[in-house]
Amino acid sequence: LATALIHNPLVLMMDEPLAGIDPPQRSLIWSRIESFVDSGRIVILTSHMIDEMVSRCNKFGLVHDASFFRAEEVDQMMDDTGYQSVERFLNDAFSI
């Protein structure tokens, strides 16, 4: 993360930045990500931790089986089916 931020980029892309990270470090990384976003920059994350992404990100999309679903589509599918958890919905809907 430090290496990526050293050049002060406008867009930061990270692949699974929180995988295998212990809770205190996760909190620190989220703090840095939020500061980056608060300064007007863009962060693009990939993650398998769907509920965490949904609760922490202001926009999200899902990729499954080479198909991309916008957040609005996921929200509508969840409303239509009565699910409260994105992860549970995806487990049932896509058998992942």
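**A walk through the model**

Leu28 sits in helix α2, and this residue is a handy place to begin a tour of what is a predicted model. Is Leu28 buried, partly exposed or exposed? Its relative accessible area is 38%, and because buried means under 20% and exposed over 50%, Leu28 counts as partly exposed. Now look across from Leu28 to Val43: the two are 15 residues apart in sequence, and their C-alpha atoms lie 16 Å apart in space.

Stay with helix α2 and turn to its charged residues. Side chains of opposite charge can pair when their charged atoms come close. How many salt bridges does a search of the whole structure find? There are two. In one of them, Arg26 pairs with Glu52, with 2.3 Å between the closest N and O atoms. This pair links distant parts of the chain, since Arg26 belongs to helix α2 and Glu52 to helix α3, 26 residues apart. Both partners, Glu52 and Arg26, are buried.

The other bridge joins Glu34 and Arg56, whose closest N and O atoms are 2.9 Å apart. Here too distant parts of the chain are linked: Arg56 is in helix α3 and Glu34 in helix α2, 22 residues apart. What about the surroundings of this pair? Arg56 has a relative accessible area of 40%, so it is partly exposed. Glu34, at 36%, is likewise partly exposed.

Next come the strands. β3 and β4 run antiparallel and are joined by four bridges. If you pick out Gly61, you will find its bridge partner in β4, namely Arg70. The hairpin of β3 and β4 has two residues between the strands, and in this hairpin Asp65 takes a positive phi near 55 degrees.

Finally, turn to the empty space. Rolling a probe the size of a water molecule over the atoms shows where empty space is left. The largest pocket holds about 980 Å³ of space. Several elements you have already met give two or more residues to its lining, including α2 (23-38), α3 (50-56), β3 (61-64) and β4 (67-70); β2 (42-46), α4 (71-81) and α5 (86-94) do so as well. Which residues lie nearest the centre of the largest pocket? They are Leu45, Cys57, Lys59, Phe60 and Gly61, out of 36 lining residues. By character, the lining divides into 19 nonpolar, ten charged and seven polar residues. Gly61 thus ties two parts of the tour together: it is the bridge partner of Arg70 and one of the residues nearest the pocket centre.

Key
Residues numbered from 1 in each chain as written. Predicted model: local features only at pLDDT ≥ 70, side-chain atom pairs only at ≥ 80, totals over all residues. Heavy atoms only, no water. 1 Å grid on protein atoms, 1.4 Å probe; cavity = no way out; pocket = protein on both sides within 12 Å on 5 of 7 lines; lining within 4 Å. Points joined across faces, edges and corners; volume = space filled by probe spheres on them. Nonpolar A, V, L, I, M, F, W, Y, C, P; charged D, E, K, R; others polar. Salt bridge = Lys/Arg side-chain N within 4 Å of Asp/Glu carboxyl O. Buried < 20%, exposed > 50% of the residue type's maximum accessible area, 1.4 Å probe, protein only. Pairing = 2+ DSSP bridges.
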